[in-house]
Every structure is written in C-alpha cells, then in structure tokens.
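Open the model in your viewer and keep the sequence panel beside it. This tour goes from stop to stop, with a selection to make at each one.

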Amino acid sequence: MRRNSRARLSLSLLLVAGALGLGATPATAAEVHTATATATATAAAPSAIPSASAYALDAAVERTLGTDTAGTYLDRKTGELVVTVTTDRAEEQARATGATARRVARSAAQLDSAIETLEAEAKITGTSWGIDPRTNQVAVEADSSVSARDMARLEAVAERLGGAVSISRVPGVFHREVLGGGAIYGGGSRCSAAFNVTKGGARYFVTAGHCTNISANWSATSGGSVIGVREGTSFPTNDYGIVRYTDGSSPAGTVDLYNGSTQDIASAANAVVGQAIRKSGSTTKVTSGTVTAVNVTVNYGDGPVYGMVRTTACSAGGDSGGAHFAGSVALGIHSGSSGCSGTAGSAIHQPVVEALQAYGVTVY
C-alpha cells in the first residue's frame, strides 16, 4: 500500500519499552470470526521473503501508480509482487513495471472512505483497523474488552459498507506493556537499540522515539556510565529516535538472534504485505511472522503515529525498540503490541527507512 496513504489502525494499543542488543501482530462485512484460528493458519502457511529486486519493484510501483493501486503484496506461492488495480490503465502500468496485476473490486479511495466511516462512527476502545490488500478489505480487530453492544454497533457500521470490512475477534486486550528490555537505560526506563547505523564515520543506533523522548543520556546498564547521547527523537506522529555513541566503541552492525549467533544487516527496505519477517527483542527473543498491513495509523493515548506496519510476530513487554528484519535486510523498529496468543502476535513496527532518511544515516 502507498506509504503516504492515511490507512488507519485505531486501537487502545500501548507502547512496549525494551528489546534488542547493541551490536546486537476475507470475511464479508457481517462476518465475525476469531482471530486465533486465522492467525494460526497464517503462521502455518508459507510466506515469502522478498529479494532485493522485489523490494525495488515495490518502490517502483509506488512511484508509478500512486493512488491508482489499492495496495501491493507478495504471493506466498510464487513470491511475485502482486499489484491490486481497478482500471485498465492501472493494470497496464502495473504490468509495465514487471509486477503481476490483479483486478479487485474496491479502489484505494473506496477503502480509505470505509476507514473514514469507521473513524467517525465506530471508534471503539479495543478495536483496530488497517487495509489488507490481499483481501481488498479493511481488516478490523476487536479484543475481548469490546462489549456485545459495541460489537453490534461495529457490525452495523460494517454491514452498511457492503463487504469492504471484515471483523475478527482477538484474544486478550490491547494494553500498555512498559517493562523495559535490558539493553539501554535512560531516565529511569529501559529500552533497546534496533539497528546500529553510521554517518561520516560516526556510529549511532536507532530505537523507538517513545524511548528517546524519555532521556538524552543512555547507558548499557542500569546506573552505568553513559554510552550514547540522544541526537534526535520523533514521537508521536513517528516513532523513531537516534543516539550517538560517545564511549568510543564501534559495535558491529548485527542483530542478536539469542542463540549465540547474530544476523548481519547489510541494507534496509520497506516491508511488503505477505512477506516473512523476524523480530528480535529481549523478552520474547526471536519470533517470526508475516506482514499483514502497511501504512497503518496507530492512535496511541498520547498521540497518533502514521505509516506503521502490522505483523503477526509475537511480542511482549520489553520488546519495544527492537528489530524487525528479513535476512540481512532491516525493516522496522518495534513500536507496540497487543500481546501474543500461542504463535499469533500483533507486533507493530515503525519503518526503519523513514528513520534512516530523517537522520541521513545508513545501516552497515
């Protein structure tokens, strides 16, 4: 989906503080199903890991089609990038880029309109929504705190939208998970670095902006000496921040796999719906999942963030600020979660490319 879209994920989702070392989460409109079975099936099905050319193709499609596509995703069987379109012109443009075109019923404008209706008429605590281009629908989730009366209200709104919305019940409750991760400490809180980055020979790490808002000085141990100083922070609206190493260290550009080994990070890209990802965090360690929505808006209690990514990876308190990645490709900075049920999670990440561009840094 276009990364300048205002597709919204509206939820009572609270931030998770913590994670990852330095150097190292289609029915018809009226259908309601439990998300546990759906998520388990999703986890069991194969998911694709994009090649470098697939990431480049996704970016090219975004530039070429803009609002003429209702979103892109990876086909799990073929690994090909699929572009959803509603017109002959858009289909021709999609094929010209080398992508596979798929005609769908609803345009980006129609899906955005459905979201606007949900925002205006069904903004209920314990619900979330975002666009899933694979189903060409707005995927709504309602947690266990949503009452029968509110569910009826939500279903009534969805019914009027004529199949543009699917509704799933999810176990648990969207809640704040401020536990800290044990990697970096500042202002009496714990968070962690996502990826080590560089600019002009200097070394930095990027992490969640709700972490860097807390303190200017960061240590590797509680009460320990300062290893880095904040040079930028952005939250709300975004959720990223950057800290410059001031202790003279040159940490490796790797992600901790929590099994005695690390994953080298060589490049960064934006995640694609349908692709496989891994999340590294100090609480749930390394978990795997699939990207289910992009261009997501999260309405946190202290302000919204835009352009986020929803996945099925498991996470818990202490994982925020951690790394979302696929192979050697950096994808995102862990922002928040509604928890995890079995193998079905709801980890949300801030696209790392946006943070790298904001600060003029690169992974290494």
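How do H4 and H5 run relative to each other: roughly parallel or roughly antiparallel? Hold that thought for the first stop. This is a predicted model: local features need pLDDT of at least 70, side-chain atom pairs count only at pLDDT 80 or more, and totals for chains, interfaces and linings use all residues. Residues are numbered from 1 along each chain as its sequence is written, and side-chain values use heavy atoms, with hydrogens and water left out. Helices (H or I, at least four residues) and strands (E, at least two) are DSSP runs, numbered from the N terminus.

**Stop 1: H4 and H5**

Select residues 108-121. This is helix H4, with 14 residues. From first C-alpha to last, H4 reaches 20 Å, close to the 20 Å expected at 1.5 Å a residue. The expected span is 1.5 Å times one less than the number of residues.

Now colour the buried positions of H4: Ala108, Leu111, Ala114, Ile115, Thr117, Leu118 and Glu119. Buried means under 20% relative accessible area, exposed over 50%, and partly exposed in between (1.4 Å probe, protein chains only).

Add residues 148-160, helix H5. H4 and H5 pack at an angle of about 150°, with their axes 10 Å apart. Axes are lines fitted to C-alpha atoms, for helices over the stretch in contact, and angles run from 0 to 180 degrees between N-to-C directions. H4 and H5 are therefore roughly antiparallel to each other. The cut-offs are under 35 degrees for roughly parallel, over 145 for roughly antiparallel and 65 to 115 for roughly perpendicular, with the rest oblique.

The H4 and H5 crossing is right-handed. A crossing is right-handed if the near helix is turned clockwise from the far one by less than a right angle, and left-handed if anticlockwise. Show side chains at the contact: Thr117, Leu118 and Glu121 from H4, with Arg153, Leu154, Val157 and Arg160 from H5. Contact means heavy atoms within 4.5 Å.

Stay with alanine 114 and pick valine 165. Valine 165 sits in strand E7 (residues 165-169). Valine 165 is buried, at 0% relative accessibility. The two C-alpha atoms of valine 165 and alanine 114 are 7.6 Å apart, although the residues are 51 apart in sequence.

**Stop 2: H2 and H3**

Select residues 52-65 for helix H2. H2 has 14 residues and a reach of 20 Å, first C-alpha to last. Its buried residues are Ala54, Tyr55, Leu57, Asp58, Ala60, Val61 and Leu65. What do the buried residues of H2 pack against? Their partners are strands E2 (69-74), E3 (81-85), E21 and E22 (329-336), along with H3. Just after H2, click glycine 66: phi is positive there, near 55°.

Add H3, residues 88-97. The axes of H2 and H3 come within 10 Å and cross at roughly 145°. H2 passes H3 in a right-handed crossing. Leu57, Val61, Thr64 and Leu65 of H2 meet Ala90, Gln93, Ala94 and Thr97 of H3.

Within H3, pick glutamate 91. Glutamate 91 is buried, with a relative accessible area of 17%. Leaving out residues up to four places away in sequence, glutamate 91 touches Val85, Ala101 and Arg103.

**Stop 3: alanine 139**

Select alanine 139, in strand E6 (residues 137-142). Alanine 139 counts as buried, at 16% relative accessibility. Its contacts beyond four places in sequence are Ser128, Trp129, Gly130, Ser166 and Arg310.

**Stop 4: the disulfides**

How many disulfides does the structure hold? There are two. A disulfide here is a pair of cysteine sulfur atoms within 2.5 Å.

Select cysteine 191 and cysteine 211. Their sulfur atoms are 2.2 Å apart. The link is left-handed, with -85° about the S-S bond. Cysteine 191 lies in strand E9 (residues 189-191) and cysteine 211 in helix H6 (residues 209-212), so the pair ties together parts that are 20 residues apart in sequence. At 0% relative accessibility, cysteine 191 is buried. Cysteine 211 is buried, at 0%.

Finish with cysteine 314 and cysteine 340, whose sulfur atoms are 1.9 Å apart. Cysteine 314 is in the loop between E20 (303-311) and E21 (323-326), and cysteine 340 is in strand E23 (residues 340-341). Cysteine 314 is buried, at 10%, whereas cysteine 340 is partly exposed, at 36%.
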